[in-house]
Amino acid sequence: MYKYQRLLILSANLPVLLAINIVIAFTLVMTDMYGTVIGQEKLCWLILLISVTAFRYFVHSYFSNDNKHKLDLHFVGVVIAGLTWAFYPSLFHQSMSTKETMLSLIIFCGMSGGSVTLLSCDLRSAIAYVSLTIFPYSVVLIMSGDPSLESLGLMGLLYGVALCITAVKSSRIIFSLIDSQAKVEAIASDLEIDSHNKDQKISMLEQRDMLTGLLNRKSFISAITLIKAKNNQHRSLNGFVHIDIEKLHNVNQNYGHQYGDHIITKVGEVLKNIDKFYDTCSARYGNDEFTIHIKVNTEEEILKFIATIKKQLSVYFQLDNIRVKPDYYFGYYIGDDSISINQAMRNAYLAVTQGKKSNTRVCCYDTKIQEDQQRNQYLRYHLKAAIGAENFFMNFQPIVRCSNQEVHSFEALVRWKLENKNISPAEFISVAEEHGLIVELGQLILKMSIEALADMNKTHPSISISINVSVIQLEDDDFISYLQFIMNKYSVNPANVHLEITETAMISNITKLTNRIIQAKEAGVMISVDDFGTGFSSIAVLRNLQIDYIKIDKSYIDNICSCDKDKSIVSAVTKMAHTIGTNVIAEGIETDEQLALIGQSGIDFYQGYLFSRPVSFKEAVHILEQEKQRKINK
Ligand code: C2E
Ligand code: MG
Ligand code: MG
């Protein structure tokens, strides 16, 4: 054990020890301190000792401390040296005087005493050296028959035993020191490994998505930058595929987030496998969205690749006893190295957005999307400025009672002119929704509409106004308080304020909106469901929320004269609405035939170009004045 460390200590001491050996041997043999003449035997012995010392030095300097035999060779050297010393008294003591014998033993004892400490990191060497240098000499003296030498020999034996005990103790101390040092080194190395592991973990957390283990968006960009730099000779184009899991929020809502997370994890596993088999790099782009980079030459290649992923992803994912088979939207973009990674990723993302709008499962980024995107940016930019400058105005379209052709209310429709061109509200409202501008714009519309209502009610107190509200606007926590503030400011009757919510938006957000609709009703305003028939609302929802009006979508009215089915639907819906106390408005009446048919269906009100297009506030008031005049004239 600890051979290396013990050899290190030995190496530090050995040259001194060997030098002392030589010096003492020379002293004993060469000097005339004992007054004897140097004999040949003594010279031979000296040569033998020098040879043994040379061997020991050779072992010390030739073999590295890592050599597993070095300590044993060292021990052999010690034993041979010990034996050489042991020969000395047995060969020469006969010719020595008592004084010489005593001095020699003292020198031997001194030499062994010094060596014990120096050799004690190899206990067997220390014991062997002490035993071989002192015990034979002591035994020779005990057996000499000279009483004074006998007692000297006895003392030598005792001293030898004491040195052996010292060797054991020193050896133990050295071992425990080496052991403590080894422990300290092990702790230091553990700490180093620990901190290295922690560093690795931190950098993994920075680069990877926690849930799937895929790269996150930031490190994906760095990875693709490297891939692009490698310059693939065979495939020159960069393909980016964006994947969106359809309606994952429904899974979260219906079963809990752990099921949604499970699906995301499984999709991540599939993509990691794909990366192993194809030369691709996948990342988690956002919540339920993923992005993949692949090098291709043609569009066909990327379509083939998408078909493969689609197949692998279109499976049931099971957790507990819930089995879900999600659907996906894929968007892709192919470009050369000149386009930035961010832009390429965004293009693939825009392709998915377009796919969702047109219900296309695999959609390519094309010039149409590019133009739409440019238009979107252009509108967003100007919309912001227009909201700040309150650069909008309202048109009002009459909603007329079928039974007597009297104006019952007006739908307030926002108008915006940009660079002298009318922009359709259907277009800019969705841009405002997309870019978080709708709440501010919605407040402006509420203010303008209710201000107009207040003016109309001065002369026509029964007229109401229908205001379109977006779901995002409704979800805003300040919506109800702002509505109340504006109604109070212009002192309007809340019953004359109707809020129009489109059916599709209302149904797909019903859990969030129910409370808001209840609050609005508590504030005294009326609720209309716009574009009715385009969504799938149930009679129970309409009844529970006490919806006041439904506006049957223009698409049903368009066909009412030619399609018996649409006519029957309109009649049935009207009857059903009446049973729960809801009024029915027909949208988009353009002809007398349509008007006649909706009258037969029992519809309460209508709106459409037949009666009037959306008009300015002044014209709306004029319509009301004309109607008043007609009544007077009757
Ligand atoms: P909507 O709420 O269903 O509004 C009715 C749309 O149908 C209006 O188009 C109106 O001009 C049009 N219309 C009415 N009668 C006829 C007809 O007989 N024939 C035809 N072909 N069209 C008719 P507009 O003003 O372009 O608004 C389109 C959509 O934009 C609205 O649909 C509504 O969803 C949204 N919108 C308009 N103003 C606002 C607003 O102030 N706030 C919000 N959030 N959305 C608005
Ligand atoms: Mg409307
Ligand atoms: Mg409508």
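**Two magnesium sites and a buried aspartate**

Let me start with the magnesium ion that is ligand 2, which is coordinated by Glu411 (OE), Asn468 (OD1), Glu500 (OE) and Asp530 (OD), at 2.1 to 2.2 Å. Please keep in mind throughout that this is a predicted model. Along the sequence, the donor residues of this magnesium ion (ligand 2) follow the spacing E-x56-N-x31-E-x29-D. Two of these donors link distant parts of the chain, since Glu411 sits in strand E9 (residues 407-418) and Glu500 in strand E12 (residues 497-502), 89 residues apart. Glu411 and Glu500 are both buried.

Now to the other magnesium ion, ligand 3, whose donors are Asp530 (OD), Asp531 (OD) and Glu587, the last of these entering twice through OE, at 2.0 to 2.8 Å. Here the donor residues are spaced D-D-x55-E in sequence. What bridges the magnesium ion (ligand 3) and the magnesium ion (ligand 2)? That residue is Asp530, and the two ions lie 4.0 Å apart.

It is worth pausing on the two aspartates, Asp530 and Asp531, that serve ligand 3. Is Asp530 buried or exposed? Asp530 counts as buried because its relative accessibility is 5%, and the cut-off for that class is under 20%. Asp531, on the other hand, has a relative accessible area of 22%, and is therefore partly exposed.

For the wider setting, an unreviewed UniProt entry places the feature "domain: EAL" at residues 376-628. In the model, that span is 51% helix and 21% strand, and its end C-alpha atoms lie 45 Å apart.

I would also like to show you Asp566, which belongs to helix H21 (residues 564-579). Asp566 is buried and yet has no salt bridge, the nearest side chain of opposite charge being that of Lys565, 6.6 Å away. What the side chain of Asp566 does make is a polar contact with the side chain of Asn559, at 3.2 Å. If we leave aside the neighbours within four places in sequence, Asp566 is in contact with Ser555, Tyr556 and Asn559.

Finally, let us turn to another part of the chain. The unreviewed UniProt entry carries the annotation "transmembrane region" for residues 7-31, 43-59, 71-89, 101-119 and 126-145. Over residues 71-89 the model is 100% helix and 0% strand, with the end C-alpha atoms 29 Å apart, while residues 126-145 are 85% helix and 0% strand, with their end C-alpha atoms 30 Å apart.

Technical notes
Residues are numbered from 1 along each chain as its sequence is written. Chains are lettered from A and ligands numbered from 1 in the order in which they are written. This is a predicted model: local features need pLDDT of at least 70, side-chain atom pairs count only at pLDDT 80 or more; totals for chains, interfaces and linings use all residues. Side-chain values use heavy atoms; hydrogens and water are left out. Helices (H or I, at least four residues) and strands (E, at least two) are DSSP runs, numbered from the N terminus. Buried means under 20% relative accessible area, exposed over 50%, partly exposed in between (1.4 Å probe, protein chains only). Lys and Arg count as positive and Asp and Glu as negative; His and the chain ends are not counted. A salt bridge is a side-chain nitrogen of Lys or Arg within 4 Å of a carboxyl oxygen of Asp or Glu. A polar contact is a pair of N or O atoms within 3.5 Å; within protein, one must be able to donate a hydrogen and the other to accept it, and residues adjacent in sequence count only if both atoms are side-chain atoms. Contact means heavy atoms within 4.5 Å. UniProt positions are given in the numbering used here, feature names are shortened, and annotations may be inferred rather than shown by experiment. Donors are N, O and S atoms within 2.8 Å of the metal (3.2 Å for Na, K and Ca); water is not among the atoms, so sites may look incomplete.
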